[in-house]
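Work through the following exercises with the structure open. Each task is followed by a solution in steps.

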Amino acid sequence: MARRALITGITGQDGSYLAEHLLNEGYEVWGLARGQANPRVSRMRKLLADVRIARGDLLDQGSLISAVEKVQPDEVYNLGAISFVPMSWEQAELTAEVTGMGVLRMLEAIRVCSGISRGSATSAQIRFYQASSSEMFGQVSETPQTERTSFHPRSPYGVAKAYGHFLTQNYRESYGMYAVSGILFNHESPRRGAEFVTRKVSLGVARIKLGMATELRLGNLEARRDWGFAGDYVRAMHLMLQAATPEDYVIGTGRMKSVRELVEAAFSAAGLDWEQYVVCDSALHRPAEVDLLCADPKKARVQLGWEPTVSFDELVAMMVESDLRLLSEGGDPDQDSSWP
Ligand code: NAP
Ligand code: GDD
C-alpha cells in the first residue's frame, strides 16, 4: 500500500514542490487547506490534480485532530506558517498563534490520535517534520551556522519558529515521537511569493525589461543570505523522515550573497544595468535586521547524502526567465500564472 503524507502549507511554495516530489516517490499525498473558499487551493489543484484535500487550520486544534484521523498519515510535514518576516511585526500575535502554537497543535493532534500519554509505552508511528528556519539564528554568534549554533531571533517570526523548534525536540524527548526539524536557509523558485526579495527582484526586472515599470524600490541591499532552490530543499525534508534516528539538520548551500549581488545578477540576466533602476527606500528597512546567514550543511551531506543541485546564478536566471515569460504572456503574478 502507498505510504500516506499529510502536508500543511500545501498552497505555499514548498508545499507544491514537496507534494510533487512525494507523488513521484509513490506517496498518497494529502494537503491541509484552510478557509471555506481559498483561491490558492484551486490554483494548487490545477498544478497538482492528484493531491487530496483535508480541511483544517493551524489555529483550530479540533480540525487538525480530524485531519489526522481522516488521513491516517505515515508522515506529516508541517509547512504552514505566517512566513513573511515583516508581517510578523505587524501581526505578532497571529504569527505566534500560527507559526508557533500551530506546531503545538499539530504535535498534539498526532499525539492524541496515536494514543500516546505521559509514560505510555506506545510511541507514535507517524513521523513529523517541522519547517524550522535559519531566522532562528538571527544575530549570528558564528559563521557558518550549524545544528549546534545558538539562537538569537530578531523578529516575532524568528521567535515563533524557535518555539516550534524546541517544542518538536521536546515531543521527541518526552514522548519518543519521531519528530524532527529541518533548519532551512532561504530557498526560492518561480513559485516564490512576490513579497520576498528574490521574486520582487525577478518580477521587477521583468516589468522594467518589458516597459511596464521604470524603477524598483528596495530596502537593505547589504543584507546577506544563503539562497538555494526550493526543489532541492524539499528532497532534504523527505530524506530527514527516512533516517533511522530522528535528528535535526541544517539545509543550505554554504554560500552567501548580498541583496546587492542578487540585484546585479538579476538585472544582468536581462541585459540591464541595475544602477539605473533601483531606488533604495529606507521605509523598507526592518526594525531589527538579520545581517547575514550562511549554512554549514555538512551533517546533511554526510548523513543524508543531500546536496543542492542549482547554483545561485542558475536560480536567479531561472526566476528572471520565468517572470519574463509570465508577464509577456499577460499573466498575473498575484494569481496563478507563475505556476507552470
Ligand atoms: P509560503 O509560501 O508563505 O506558504 C505558507 C503556507 O502556510 C501557505 O500554504 C498558507 O496557506 C499556510 N498557512 C498560513 N496560515 C495558515 C493557517 N492558519 N493554517 C494552515 N495553513 C496556514 O511559505 P514557504 O516558503 O512555502 O515555506 C514553507 C515553510 O517553511 C514555512 O513554515 C516557512 O516559515 C518555512 N521556511 C521557509 C523558508 C524559505 O526560504 N522559503 C526557509 C525556512 C523556513 P494559505 O494559502 O491558506 O494562506
Ligand atoms: N522582502 C524584501 N523586500 N526584502 C528586502 C527588500 C525588499 O524590498 N529589500 C531588501 N530586503 C532584504 C531584507 O531586509 C532581508 O534582509 C533580505 O532581503 C531577505 O528578505 P526576504 O526575501 O523577505 O526573506 P527573509 O530572509 O526575511 O525570510 C525568508 O527566509 C527565511 C529563512 O532564512 C522567509 O522565507 C522566511 O519564511 C524564512 O524562514
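**Exercise 1. The shell around ligand 1**

Sort the shell around ligand 1 by residue class, then find which residues come nearest and which polar contacts are made.

Solution. Start with the classes: the shell around ligand 1 holds ten nonpolar, eleven polar and six charged residues. The model is a predicted one.

Next, take distance. The shell has 27 residues, and those that come nearest to ligand 1 are Thr11, Asp14, Arg34, Ser83 and Tyr157.

Then go through the polar contacts, for which the cut-off is 3.5 Å between N or O atoms. Two of them involve the backbone. At Leu58, a backbone N or O atom is 2.9 Å from a nitrogen atom of ligand 1. At Ala81, a polar backbone atom lies 3.0 Å from an oxygen atom of the ligand. Arg192 uses its side chain instead: one of its N or O atoms there is 3.2 Å from a nitrogen atom of ligand 1.

Now consider burial. Ligand 1 taken alone exposes 900 Å², of which the protein buries 93%.

Finally, assign the shell to secondary structure. Helix H1 (13–24), strand E5 (127–133) and helix H6 (156–175) are the elements that give two or more residues to the shell around ligand 1. E5 gives the most, with three residues.

**Exercise 2. The shell around ligand 2**

Describe the surroundings of ligand 2 and state from which domains its shell draws at least three residues.

Solution. First list the neighbours. Around ligand 2 there are 24 residues, and Ser133, Ser134, Tyr157, Arg286 and Glu289 come nearest. Tyr157 is also among the residues that come nearest to ligand 1.

Second, sort by class: eleven residues of this shell are nonpolar, six are polar and seven are charged.

Third, check the polar contacts to oxygen atoms of ligand 2. The side chain of Ser134 places an N or O atom 2.6 Å from one. For Glu289, the distance from a polar side-chain atom to a ligand oxygen is 2.6 Å. For Arg192, the corresponding distance is 2.8 Å. The side chain of Arg192 thus appears in the contacts of ligand 2 and in those of ligand 1.

Fourth, consider burial. On its own, ligand 2 exposes 710 Å², and 95% of that is buried by the protein.

Last, turn to the domains. Domain 1 (4–187 + 228–251) and domain 2 (194–225 + 256–293 + 311–336) each supply at least three residues to the shell around ligand 2.

**Exercise 3. Two domains and their contact**

How many residues does each domain bring to the contact?

Solution. The domain assignment divides the chain into domain 1 (4–187 + 228–251) and domain 2 (194–225 + 256–293 + 311–336). Their centres, taken over C-alpha atoms, are 28 Å apart. The contact takes 19 residues from domain 1 and 14 residues from domain 2.

**Exercise 4. Residues brought together by the fold**

Locate Asn186 and Leu104, and list their contacts beyond four places in sequence.

Solution. Take Asn186 first. Asn186 sits in the loop between strand E6 (179–184) and strand E7 (187–188). Its C-alpha is 8.5 Å from that of Ala230, although 44 residues separate the two in sequence. The residues Asn186 touches are Ser134, Arg225, Asp226, Trp227, Gly228, Tyr233 and Leu293. One of them, Ser134, has a side-chain polar contact with ligand 2.

Then take Leu104, which belongs to helix H5 (residues 92–113). Gln61 is 43 residues away from Leu104 in sequence, with 9.2 Å between their C-alpha atoms. Leu104 is in contact with Tyr163, Leu167 and Tyr171.

**Exercise 5. Backbone geometry and confidence**

Which peptide bond is cis, and which residue has a positive phi although it is not a glycine?

Solution. The cis bond runs from Thr143 to Pro144, with omega near 0°. Pro144 is in the loop between E5 and H6. The positive phi, about 50°, belongs to Gln72, in the loop between helix H3 (61–71) and strand E4 (75–78).

As a last step, check the confidence. The chain has a mean pLDDT of 96, with 98% of its residues at 70 or more. Residues 336–340 have pLDDT below 50, and this stretch has 18 contacts in the model beyond near neighbours in sequence.

How values were computed
Residues numbered from 1 in each chain as written. Chains lettered and ligands numbered in written order. Predicted model: local features only at pLDDT ≥ 70, side-chain atom pairs only at ≥ 80, totals over all residues. Heavy atoms only, no water. Near = heavy atom within 4 Å. Polar contact = N/O pair within 3.5 Å; in protein donor to acceptor, adjacent residues only side chain to side chain. Areas by Shrake-Rupley, 256 points an atom, 1.4 Å probe, with all protein chains shown as cover. Nonpolar A, V, L, I, M, F, W, Y, C, P; charged D, E, K, R; others polar. Domains from an automatic or database assignment. pLDDT = per-residue confidence, 0-100. Contact = heavy atoms within 4.5 Å. Helix = DSSP H or I, 4+ residues; strand = E, 2+ residues; numbered from the N terminus.
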